[in-house]
Amino acid sequence: MDGRCGWAGPEQIYVEYHDTEWGVPEYDARTLWEKLILDGFQAGLSWITILKKRDNFRKAFAGFDPDTIAEWGEADVARLLADPGIIRHRGKIEATIHNARAYQELHARVGFDQFLWKYFDGVPLQNAWPVQADVPPFTPLSTQISKDLKKAGFKFCGPTIVYAFLEATGLVNDHIVTCHRHAECAALARR
């Protein structure tokens, strides 16, 4: 794994995700919401499981259109529970529908992207971890964001899920300093 974070491999899909997507600052509200939902589905599983099923999730969840998903009910939950292409977990599926409604309310009020980026004054937090073992599973900030999301009505967004989400979406740059993507992702930050 020379020049790359230790978690990124050995499967090519994982390497490509690491090298092109993970840690890239994301400013689009809907894309941020999709990634939060997928991180919620990851709870108790490995990210590669979700990554391999991501296209199936996008098809099953109407391209992660929160306005569409917010209208769904029990028939849609049953349909999704029968879909072998996704993680068939009733609580996570119901939370996604619930979170679509919470997203609509929060986004209408302040903008989902603005809500998240305000914690960072619009600039990604640049960590400088020398080794993967130093990267924490959650932080006081991810704990606060988790509490604020829950206050806004979101589910499946505990501090560890939120921290993984912040890393994935580049609000926090947690590529280790010897990884070639650390400097590349830092350079992508809006100033």
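## A walk from H8 to the salt bridges

Start by selecting Ser146, which sits in helix H8, residues 140-151. Keep in mind that you're looking at a predicted model. Is Ser146 buried or exposed? It's buried, with a relative accessible area of 2%. Now show what it touches: leaving aside residues up to four places away in sequence, Ser146 contacts Cys157, Gly158, Pro159 and Val162.

Two of those neighbours, Pro159 and Val162, lead you into helix H9, so color residues 159-168 next. The axes of H8 and H9 come within 8 Å and cross at roughly 110°, which makes the two helices roughly perpendicular to each other. To see the contact itself, show Ser142, Thr143, Ile145, Ser146 and Leu149 on the H8 side, and Pro159, Val162, Tyr163 and Leu166 on the H9 side. By class, that contact has six nonpolar, three polar and no charged residues.

Go back to Cys157, another neighbour of Ser146. Cys157 is buried, at 1% relative accessible area. Then jump to Cys185, which also counts as buried, at 1% relative accessibility. Which cysteine sulfur is closest to that of Cys185? It's the one in Cys179, 7.8 Å away and too far for a bond. A disulfide would need the sulfurs within 2.5 Å, and the count for the structure comes to zero.

Next stop: helix H1, residues 12-20. Select its buried residues, Tyr14, Val15, Tyr17, His18 and Asp19. Turn on helix H3 (47-60), H9 and helix H10 (180-187), which are among the elements covering them.

Time for some charges. The whole structure has 11 salt bridges. Pick Glu11 and Lys52, whose side chains meet at 2.9 Å, N to O. This pair links distant parts of the chain, with Glu11 in the segment before H1 and Lys52 in helix H3, 41 residues apart. Glu11 is partly exposed at 36%, and Lys52 is partly exposed at 48%.

Stay on H3 and select Arg58, which forms a salt bridge with Glu34, the closest N and O atoms being 2.7 Å apart. Glu34 is in helix H2 (residues 29-42), 24 residues from Arg58. Glu34 counts as buried at 10% relative accessibility, while Arg58 is partly exposed at 32%.

For a salt bridge inside one helix, select Asp76 and Arg79, with N to O at 3.4 Å. Both lie in helix H5 (residues 74-81), three residues apart, about one turn of the helix.

Finish with Glu21, Lys35 and Arg54, which are linked in a network of salt bridges.

Note on methods
Residues are numbered from 1 along each chain as its sequence is written. This is a predicted model: local features need pLDDT of at least 70, side-chain atom pairs count only at pLDDT 80 or more; totals for chains, interfaces and linings use all residues. Side-chain values use heavy atoms; hydrogens and water are left out. Buried means under 20% relative accessible area, exposed over 50%, partly exposed in between (1.4 Å probe, protein chains only). Helices (H or I, at least four residues) and strands (E, at least two) are DSSP runs, numbered from the N terminus. Contact means heavy atoms within 4.5 Å. Axes are lines fitted to C-alpha atoms, for helices over the stretch in contact, and angles run from 0 to 180 degrees between N-to-C directions. Angles under 35 degrees count as roughly parallel, over 145 as roughly antiparallel, 65 to 115 as roughly perpendicular and the rest as oblique. Ala, Val, Leu, Ile, Met, Phe, Trp, Tyr, Cys and Pro count as nonpolar, Asp, Glu, Lys and Arg as charged, and the others, Gly among them, as polar. A salt bridge is a side-chain nitrogen of Lys or Arg within 4 Å of a carboxyl oxygen of Asp or Glu.
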